[in-house]
Structures are given as C-alpha cells and as structure tokens.
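Below are some notes for a colleague who is looking over this model. They take up backbone outliers, a hairpin, a helix contact and the nonpolar cores.

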Amino acid sequence: MTTAQLVACGLSRGTIHRRARAGRLHALGVGVYRVGPILTADGARRAALWIGGPGTALGLNSACELLGCGPRDRRAHHIVVPHGRTLKPRTGLVVHHARGGLRPQDIIRVDAFPVTCPTRTALDLAWAADPGTLRRVVERMLHRRLLTPDAFTNLSARHPGHPGLARLTAVAPDRPTTESPLEDRVRQRILDGLPLPDPVPQHPLVGLSGRRYRADFAYVDAKVLVEADSRAHHERVAAFEADRARDADLAGVGWQTLRFTHAQARDEAPQCAERVLATVAGRLPT
C-alpha cells in the first residue's frame, strides 16, 4: 500500500512511521509499504510500479513474463520509467529509463498492470538480451500472435534513436510468416507473382459487430481478404455457418473474402490467381 492509501484507511503519517519502525509495516520504497509478512507476486509487481512513479510500466523480462513469451527474471522485477527520473537502487528491482518517455501506444494492460506493448518490449529487450534470447522471444511473440511480421516495418520511424533498433531489426523475419503449410501453398501457388502489392499475412481485423478476427492474407488498400481453408469436408460442413457469419461481419465494414481449399491451390492455382487479381484490381482506389 502507498502512504496515501494508508492515510485514506485512517492512519496518520505519524502512525505510519511508528508502525514502520516497529516492523508492522515494511518499507519497500519511498511511500510504499508491505502490510503483513507475505509479499505476493502481484503485490511485488504493484509495489515496483508505485516505486517507479507516474508513467511507469513493467518492461523487458517482467513484460515478457506477463505476455507469456519469457524469459522470466526470478531475482527482480523490471520497470521502465521516464528518462531522467532518478530512483535509489533496490534489491529485487531493475530500473530502465525510456528515452523521451513512454507514449500511450507503447503501453497495454495485462491483468490490470501497465506493461510495455510487445513491439516496445522486444525493442527494449534487444538492447539488454543476447541475440539468442532475443530471437527466441521474437519467435514466441510471432507464434502467439502478439506480433505480426509487418510490425517490424518502419520501426526506425516509430522509435527513432532507440538503442535496441539495430539488434531487433537483425532478428526480424526476412519475409512475413504464415501459420500453416496450406497458407504457404496459397501464397506460393496463387498470390506470388501477381502484379499487386504483397498482401499482409495474419492481419488483425474488427468486424461490424466489434468482434476481432485475423485474416490469413489481406490486401489492405483494396479491402480484400484471402483465406486458406484447411478443414476436412466434415469440418467444413460444421463450420460453414460460422464462416458465413464471419464473412458477413467483415463485409459490413467493407472487406470482401476469397476462400481457397487445398484442392484448389493444388489443381486450380492459375484460375484462383486470376480471381484474386480481378477482385483486388477492381477494388483498388483509383
């Protein structure tokens, strides 16, 4: 608890100091106290944020832990504070300074804790971690869809001068990744070589209902989606209505969906490519 919270509970500042001296309150930082003998993991995270002050977020290893992409630092919590803020060194707390501060878009909430977003976490970790650890974290973020391959574009424009920029760029995927062999086949046999801009893989979308989706491939300017339908026949029958509902939901905000099966990618690739080309070309802004 903070001093302000203890005062709100009816304790005077003098009482707080006396209880701290008597060992009934345990000072964790300036104006931050542990109440009772046990400090839980969430309590330690909250205390770290309060010690850091306004604008502080959990970052680096602590952000990776909450995001589920490792590595966890069992010895300390990592916080990112605005550049220039001076904090006394403390056991169990690692302080990193954000050059120019953290922008609102750099912070997300995980279990009610402010945490640096996956892109910012990867950038900060790039400066502190070895290349092998960084590569594993980036691979986990991509696998868990915390990052999409297009997140690595224009990093220098969004985070100019960040010391981890060069290292993160070095481990970024050379080409946008896909999620399945069929998606690779659709891209290679149908989409590659078309006289069109490259589609964005694993593109996040929000339908008219507010539901969130992710498309296999998206021609963003034309608002055309390409989906690789890898289901077996009985699964396609069961999922037919769900697919129609999804397509209609996205059509409500202007997206047109094209779906291709394994058999079509194998046996009808030229015809499928012509369909994609005609659809996208007809919807590109003039």
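**Notes on the model**

1. Asp111 lies in the loop that joins strand 6 (107-110) to strand 7 (113-116). The model is predicted, and in it Asp111 has a positive phi of about 55° without being a glycine. Most residues other than glycine have a negative phi. Asp111 is exposed, its relative accessible area being 61%.

2. Gln202 also calls for a look at the backbone, since this residue, which is not glycine, has a positive phi near 50°. Gln202 is placed in strand 8 (residues 200-206). Is Gln202 buried or exposed? With a relative accessible area of 3%, Gln202 falls under the 20% limit and is therefore buried.

3. Strand 1 (residues 25-29) pairs with strand 2 (residues 32-35) in the antiparallel sense, and four bridges link them. Ala27 is opposite Tyr33 of strand 2. Two residues separate the strands of this hairpin, and Gly31 has a positive phi near 75° there.

4. How do helix 9 (residues 181-191) and helix 12 (residues 269-283) cross? Their axes come within 8 Å, at a crossing angle of roughly 80°. Angles of 65 to 115 degrees count as roughly perpendicular, and helix 9 and helix 12 are therefore roughly perpendicular to each other.

5. On the helix 9 side, the residues in this contact are Arg189, Ile190 and Leu191. Helix 12 contributes Ala269, Cys272, Ala273 and Val276. By class, the contact of helix 9 with helix 12 has six nonpolar residues, one charged residue and no polar ones. The charged residue is Arg189.

6. The largest nonpolar core has 40 residues. Which of them touch the most other members? They are Leu58, Val115, Val138, Met141, Phe152 and Leu168. Leaving out residues up to four places away in sequence, Leu58 touches Arg45, Leu49, Ala63, Leu66, His78, Ile79, Phe113, Pro114, Val115 and Thr116. Val115 is thus named both among the residues with the most core contacts and among the neighbours of Leu58.

7. A second core, separate from the largest one, holds 20 residues, including Val186, Ile190, Ala269 and Cys272. Ile190 of helix 9 and both Ala269 and Cys272 of helix 12 also belong to the helix contact described above. In soluble globular proteins, nonpolar side chains tend to be buried together.

Note on methods:
Residues are numbered from 1 along each chain as its sequence is written. This is a predicted model: local features need pLDDT of at least 70, side-chain atom pairs count only at pLDDT 80 or more; totals for chains, interfaces and linings use all residues. Side-chain values use heavy atoms; hydrogens and water are left out. Axes are lines fitted to C-alpha atoms, for helices over the stretch in contact, and angles run from 0 to 180 degrees between N-to-C directions. Angles under 35 degrees count as roughly parallel, over 145 as roughly antiparallel, 65 to 115 as roughly perpendicular and the rest as oblique. Contact means heavy atoms within 4.5 Å. A nonpolar core is a set of buried Ala, Val, Leu, Ile, Met, Phe, Trp, Tyr and Cys residues joined through side-chain atoms within 4.5 Å. Buried means under 20% relative accessible area, exposed over 50%, partly exposed in between (1.4 Å probe, protein chains only). Two strands pair if DSSP finds at least two bridges between them.
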